[in-house]
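Biologist: I should like a close look at a single chain of this assembly and at the side through which it touches its partner. Please treat the chain as a whole before turning to its parts.

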Amino acid sequence: MMEAALDQDLTPKADKPEPTRWERFRKVFKGHPMAVVGLIGISMFVLVAILAPWIAPQDPYDLAKLDILDGLLPPGSTLFDGTYSVLGTDALGRDILSGVMYGLRISLFVAFTAVLVGSAIGVLLGLLAALRGGWVETIIMRAVDLKISFPGILLALMLLAIFGTGVDKVIYALIIGAWASKARLVRAVALSEMKKEYIDAARLAGLSDFRIMTRFLLPNSISPVLVVLPMSISGAIGAEATLSFLGVGVPITEPSLGLLIANGNDYLLSGKWWISIFPGLVLVAMVLCINVVSDRLRDHANPYLRAKD
Amino acid sequence: MLSFVLRRLGQSSVLVLIMSVLVFFGMYVVSDPVAVLASDDFTEEDRIALAQELGVDRPLLVQYFSFLSNVARGDFGTSFVYNRPVMDLIIERLPATLEVAFLAIGLGLIIGVPMGIYSGLNRKKRSTKSISFMTTVGYSIPNFWQALLLILVFAVWFRWLPASGRGDTTMLFGIPVSFLNLDGLSHMILPAVNLAIYKICMQTRLARSGTQEVMFQDYMTFARAKGISRARLVRRHLARNILIPIVTITGLELGGLIAFSTVTETVFSWPGIGKLLLDSIHNADRPVVVAYLILIVLMFVVINFVVDVLYALLDPRIRYT
């Protein structure tokens, strides 16, 4: 296997037109059916989450529509009002499938918001550290060290124990969990970019720090962050689910997938498995799809492995 | 090396101090222990008496400093709920957490590292592809849901293993442990496996990516050119080099594992410190939460330090001056 790697011709082929964005995108996924499946899966989950109010068989928030007689029905039952329940119902007579669709909305919303905001903060701080240096850098990087030396789930648990629970609080806790690694990543890339001539040229042209940062440094340092972003999102989905499962996450009025699983926890030992298992399956499937795509992106970004593709 | 140690110690004490402030004042803001502990028929006088008894009627700063001076003497106060010294509660539950954590790490290393080296060496094989897919799945399953699956399959459907509790314990040097008798061991298996699955996936991936990187190094090509046997190549040149990140991350993850055992212990009702923390958060048992978090910070500081030193010993290129 090593000989093959060493013999490979690594010089780029000349006079080929620059690939378009779509071609480059296709090249990343070509010959990797798992990653394509992951990509399709992600799109499906996002679509279901967005369309949940229109495609769910039942509105789980509308208490008037629930019937306690429909409680704890196994998958494939027909509800009192004639609705067919593919995945069964929970103790309150809520259709599991509808609950999962709405839960998906909350889980995805929380994770996306937290990771995007957290990463933006992290990127900004990382660039700032690289650009300014000195005490700004010291403070930012010490804060990064402090954050990273502490396990994320415990930090979130602590913050929620202190500030109370709720969707907004979970998002804050996850933002605090997301920024540090990006700051470190961006700073490392930005530091090597800072040594290049275009930055000197921009400085000589008298551009402001802000402009250098947003127009020159940001576009050239952002790609490693984009590569880890999917992993970050799947991590946040898992963290939110865990916190909600432990009862310190989202409130009972806005059940995410984690809370739905917690609701079924009490019924598991009596063999009523569908309440916990279906939301969990969806959770795992979604995280798995994101991780498969994320692995592909990471492998593609690794030049050692790319030479062998 | 000495100045490095001293500087690190200074940094660590500042870190611990900052965390103690955050944790203590944070907990004060959130919970009123009097409201939690007082029953409905309490009069105003009863409440004041209770507040005095708990010492929460004093000014915040006074409380903090008395807390700090007590901690320096190893006294974390008395639990509001159990009415016993917090340290006793934590020490009592620590062995349960540690034995599961160590079993999980052991399983992770024994299964994960060989699997990772194998898949790093045989990139194109079908078995490698399935190992890699398995690790992705293992990474993607949330710990708590995996625990529920284990309970459902092994405790509810097959009825092979108990779903919760610790079972019988055997005294070992005065410490109750579960792994020395059959009943305790059977209670231990599900929580340990639940923690280990993530470990196994992580160790596999670390070993695999380490192998892939090391295989491309010049010294590996040179070693092969010298005609060294494959077994020796793997053992002497490959394993030694990939062990560096694995040791680091295993060390760092030991703290994470103990912290993360909150989830596993809650699901399996395993009476360790993780379950204690979660119960205490729900009961607003402030002294226990504060003590737990401060101890975890201390533990992380120590672990980070030890790992740094180990790193320096394993990799001669790193020298702290």
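Modeller: A residue is counted as buried if 20 or more other C-beta atoms lie within 10 Å of its own C-beta atom. In this predicted model, buried residues account for 36% of the 321 residues of chain B. The C-alpha trace of chain B spans about 85 × 60 × 35 Å along its principal axes.

The secondary structure of chain B consists of 12 helices and two strands, and their order along the sequence is α-α-α-α-α-α-α-β-β-α-α-α-α-α. Of the contacts in chain B between residues at least 6 apart in sequence, 70% link residues at least 24 apart.

Helix H8(B) merits individual attention. In H8(B), 25 of the 34 residues are buried, and the helix is thus described as mostly covered. The course of H8(B) is interrupted at B:Ile189 by a kink of about 35°, which lies shortly before the proline B:Pro191.

The contact between the chains draws on 39 residues from chain A and 39 residues from chain B. On the side of chain B that touches chain A, at least two residues each are supplied by H1 (2-30), H6 (126-140), H7 (143-157), H8 (182-215), H10 (230-268), H11 (273-283) and H12 (286-314) of chain B. The kinked helix H8(B) is therefore also one of the contributors to this side. By class, the side of chain B that touches chain A comprises 26 nonpolar, 11 polar and two charged residues.

Methods
Residues are numbered from 1 along each chain as its sequence is written. Chains are lettered from A and ligands numbered from 1 in the order in which they are written. This is a predicted model: local features need pLDDT of at least 70, side-chain atom pairs count only at pLDDT 80 or more; totals for chains, interfaces and linings use all residues. Two residues are in contact if their C-beta atoms, placed from the backbone, lie within 7 Å. Helices (H or I, at least four residues) and strands (E, at least two) are DSSP runs, numbered from the N terminus. Ala, Val, Leu, Ile, Met, Phe, Trp, Tyr, Cys and Pro count as nonpolar, Asp, Glu, Lys and Arg as charged, and the others, Gly among them, as polar. A residue is buried if 20 or more other C-beta atoms lie within 10 Å of its own, exposed if 12 or fewer, and partly exposed in between; C-beta atoms are placed from the backbone. The bend at a residue is the angle between axes fitted to the seven residues ending there and the seven starting there.
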